[in-house]
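Reader: I should be grateful for a close look at one part of this model, namely the strand pairing and the backbone around it. Please then place that part within the overall arrangement.

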Amino acid sequence: MEPALESAKWDEARLRQAEAAAQAHLVGAVVSSWNNFQVTGRTVISHADGCRVWDVAGRERIDWVMGWGSLILGHRPAAIHDAVMEAMRFGLGYMYESPRTGMLARRMAELVPCAERMRLANSGTEATLHAVRIARAVTGRRLILKFEGHFHGLNDYLLFGVDGAKLLGEINDDGLIDPVPGSAGLPVDALAPLLLIAPFNDLDVLERAFAKYGHDIAAVIMEPVALNVGCIAPEPGYLQAVRSMASQAGSLLIFDEILTGFRLGGGGAQGKFGVVPDLACFGKAMGCGIPVAAVCGKAAYMDALSPVGSVEMAGTNTGRQLAVSGALAALDAMESSGAWHRLAVANDRVVAACRALLQRHGVPAYVEGFGGRIGVHIGSEQRPRNFREVVARWNRDYHVSLYRKLHDTLGLFGFLLPLGPCPEPITLSAVHSDQDIDTTLDRFETALRATPYQTARMP
Ligand SMILES: Cc1ncc(COP(=O)(O)O)c(C=O)c1O
């Protein structure tokens, strides 16, 4: 082990102390609910490098969560390390403007089609909160239209009809879906009436929604590729149609590119599909592990923000030099290292191999990937069009039995991680080598061999 990582080793006595402290003082012994993986619970990690994590017992695993999609350059990217060290020489965390702040905004404008202006935030949740506020201010309207199963962070306004919701909402006569809260503690009576929830990839319902409510829709917000419910791409022409309906109604179109951003080139899904939203939110891979996020968009709308306009968007920790330098280094390193090409190639390879393995072992499944976020939908070979179809066809019991083997005995971390109603995608990074992928696929085959499909209980 590298000397720098030696210090990550904990002796037995300190480990016991740390575990007792976590059990006593961390809620549920985790720092974030998501870390308590469904089915297998939490794993205490001592250190991470490249695409690998080591637990405190010294077990090495190949990581297929990769910071929930953030860590395209791996766990210890040298370029970001160097940039952060350099930034610390000029002030640990000041958040005033520096020459680098403007350069980061320029870089985003060069990469992202809609990004004439940028304002930084610290998390995706903050970014979507502010994007919606800008849309309401600009249009003077109340309603936000979102899609069932699309997740936009834990901000109260949008935490309905999400992938983690325990129940599916009732479908109304017009095809819109009753908002089911994604957490306890939401003021449902106050917030649910401000949302319209539509099924993804269904233009008829969208047309009806705009016909009835278009005059009061401030914005449509969407994951342009639904990556929180496995992986569901928009059908051909769908994004273009949403774009034109929003424009006709005078509503803003917001792409939540927090997952799609910087996985398939610098332009996000808007670059890939050639549909330019009015506003877009970025996070995750924008910092490759550095906590940074942004709202970007057309100047006409972004200038609603104070001090030009009167929409507040600021924060004590917003735009710290470490984050700005880290994000600049992340964007440059992804581009210069060929990370996007590598991700695209590896994505196609893993998709094809998973399809072939599942077929060889008689497991009905649909596999699709976007920039290394790969949805493995076990239960049917039919392509799901939206969240409801994912839920209806998923053979969770079988999926869970595969996942257990892969996690408990085969050294894969988060590969095929099951959530409540749908699978979490497998997350590739640019540092998963061909050898890492081969090893993983071998282990996947071992699990498939040991888990005949017909013995599983169908859902
Ligand atoms: C599409 C999307 N939007 C927003 C968020 C929230 O981002 P954050 O966790 O940084 O608040 C997430 C997080 O998973 C996400 O996947």
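Author: Two strands are said to pair if DSSP finds at least two bridges between them. The model discussed here is predicted, and the values below are computed from it.

The part in question begins with strand S3. Strand S3 (residues 60-63) pairs in the parallel sense with strand S13 (residues 412-413), over two bridges. Within this pairing, Asp63 has Phe413 of S13 as its bridge partner. S3 also pairs with strand S2 (residues 52-55), here in the antiparallel sense and over three bridges. Arg52 is joined in this way to Ile62 of S3. Four residues lie between the strands in the hairpin of S2 and S3, and Gly58 in that hairpin takes a positive phi near 90°.

On the other side of S13 in the sequence, the loop between S13 and strand S14 (426-427) contains Leu416. Leu416 is not a glycine, yet its phi is positive, near 70°. Most residues other than glycine have a negative phi, and most peptide bonds are trans. Leu416 counts as buried because it has 23 C-beta neighbours inside 10 Å, the cut-off for that class being 20 or more.

These elements may now be placed in the whole. The protein is divided into domain 1, made of 3-76 and 338-455, and domain 2, which is 78-336. Their C-alpha centres are 26 Å apart. Across the boundary, 34 residues of domain 1 are in contact with 33 residues of domain 2. On the domain 1 side, the elements that give two or more residues are helix H3 (66-69), helix H13 (339-360), strand S11 (365-370), strand S12 (373-378) and helix H14 (387-393). That side has 19 nonpolar, ten polar and five charged residues.

For comparison of strand arrangements, an open sheet of seven strands follows the order S4-S10-S9-S8-S7-S5-S6 and has mixed pairing. Strand S4 (117-121) and strand S6 (195-198) are its edge strands, each pairing on one side only. From one strand to the next, the twist averages 20°. Inside the order, strand S5 (residues 143-147) and strand S7 (residues 217-222) pair in the parallel sense over three bridges, and Leu143 stands opposite Ile217 in S7.

Another positive phi outside glycine, of about 65°, belongs to Phe262. Phe262 lies in the loop between strand S8 (252-256) and helix H10 (268-273). With 31 C-beta neighbours inside 10 Å, Phe262 is therefore classed as buried.

The backbone offers a further feature in the loop between helix H11 (299-302) and helix H12, where Pro307 lies. The peptide bond from Ser306 to Pro307 is cis, and its omega is near 10°.

Helix H12 itself occupies residues 321-336, and its 16 residues should span 22 Å at 1.5 Å a residue; the end C-alpha atoms are 22 Å apart, so the two values agree. H12 is mostly covered, with 13 of its 16 residues buried. Gly338 follows H12 and has a positive phi, near 75°.

Notes. Residues are numbered from 1 along each chain as its sequence is written. This is a predicted model: local features need pLDDT of at least 70, side-chain atom pairs count only at pLDDT 80 or more; totals for chains, interfaces and linings use all residues. Domain bounds come from an automatic or database domain assignment. Two residues are in contact if their C-beta atoms, placed from the backbone, lie within 7 Å. Ala, Val, Leu, Ile, Met, Phe, Trp, Tyr, Cys and Pro count as nonpolar, Asp, Glu, Lys and Arg as charged, and the others, Gly among them, as polar. The expected span of a helix is 1.5 Å times one less than its number of residues. A residue is buried if 20 or more other C-beta atoms lie within 10 Å of its own, exposed if 12 or fewer, and partly exposed in between; C-beta atoms are placed from the backbone. Axes are lines fitted to C-alpha atoms, for helices over the stretch in contact, and angles run from 0 to 180 degrees between N-to-C directions.
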